[in-house]
Amino acid sequence: NGAIDQLDEFSAIIWPDELNRFNRNTQGKFVGVGVQIELDDQSNVRVVTPLEGTPAFRAGIRAGDLIKKINGKSAYGMSIDQVVDNITGPDGTQVTLTLDRPIDDETTAQAAAEPAASKADAKDAPKPERKYQEMELAVTRQLINVVSVKGWKRSGAREDDWSWFIDPENHIGYVRLTQF
């Protein structure tokens with residue numbers, strides 16, 4: 001690290017334990033289940049979205065699902081990189097994900113829809129606690145191609161459904177590269 005620090009700001013060393021992560025980020029493809037994830041405010045691993053046409057999408061994983069365990073091991077307290085390392089693996093192998101899926105409770109929805117008697121009451125009223133349904137899914141890993149060229153705005157649900165023109169009349173387009 002000391003030797004590399006003496007070089008320009010664009011030079012870096014990639015250690016052996018970082019090589020798989022580096023390759024995933026630069027090659028535009030990886031072997032996994034095809035979910036975009038983030039850590040929420042309580043350090044839970046939350047699915048942002050399953051990528052269309054991937055094993056996660058076909059298995060029914062949804063945006064908002066919380067990944068609680070990966071192959072029986074708790075995901076709580078793991079960094080995003082650790083979660084990714086545990087979910088990804090050799091093509092054709094299975095990973096078991098234990099999910100908590102938010103469920104809609106009719107009484108919670110009804111209470112939220114009722115107007116509060118006053119602003120003071122609304123401020124003091126406790127928020128209904130969100131309920132979850134636990135489920136376990138065995139998902140087979142496969143090669144996932146990451147779409148890195150995107151447009152101005154989505155024109156459909158698929159990963160490659162983009163409107164490319166900001167101003168179609170003047171033929172002004174927009175191309176966004178998410179990786180280079």
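Of the 180 residues in the protein chain, 23% are buried, where buried means under 20% relative accessible area, exposed over 50%, and partly exposed in between, with a 1.4 Å probe and protein chains only. I should say at once that this is a predicted model, in which local features need pLDDT of at least 70, side-chain atom pairs count only at pLDDT 80 or more, and totals for chains, interfaces and linings use all residues. Residues are numbered from 1 along each chain as its sequence is written, and side-chain values use heavy atoms, with hydrogens and water left out.

The protein chain has six helices and 14 strands, these being DSSP runs numbered from the N terminus (H or I, at least four residues, for helices; E, at least two, for strands).

Turning to the interior, the largest nonpolar core, a set of buried Ala, Val, Leu, Ile, Met, Phe, Trp, Tyr and Cys residues joined through side-chain atoms within 4.5 Å, has 19 residues, of which I61, I67, I70 and L97 touch the most other members. At least two residues of this core come from each of β2 (35-39), β3 (45-50), β4 (66-70), α4 (80-87), β6 (94-103) and β7 (131-140). If we set aside neighbours within four places in sequence, L97 contacts I61, I67, K69, I70, I87, M135, E136 and L137, contact meaning heavy atoms within 4.5 Å.

What, then, of V175, buried or exposed? V175 is exposed, with a relative accessible area of 56%, and it is found in the loop between β13 (172-173) and β14 (176-177).
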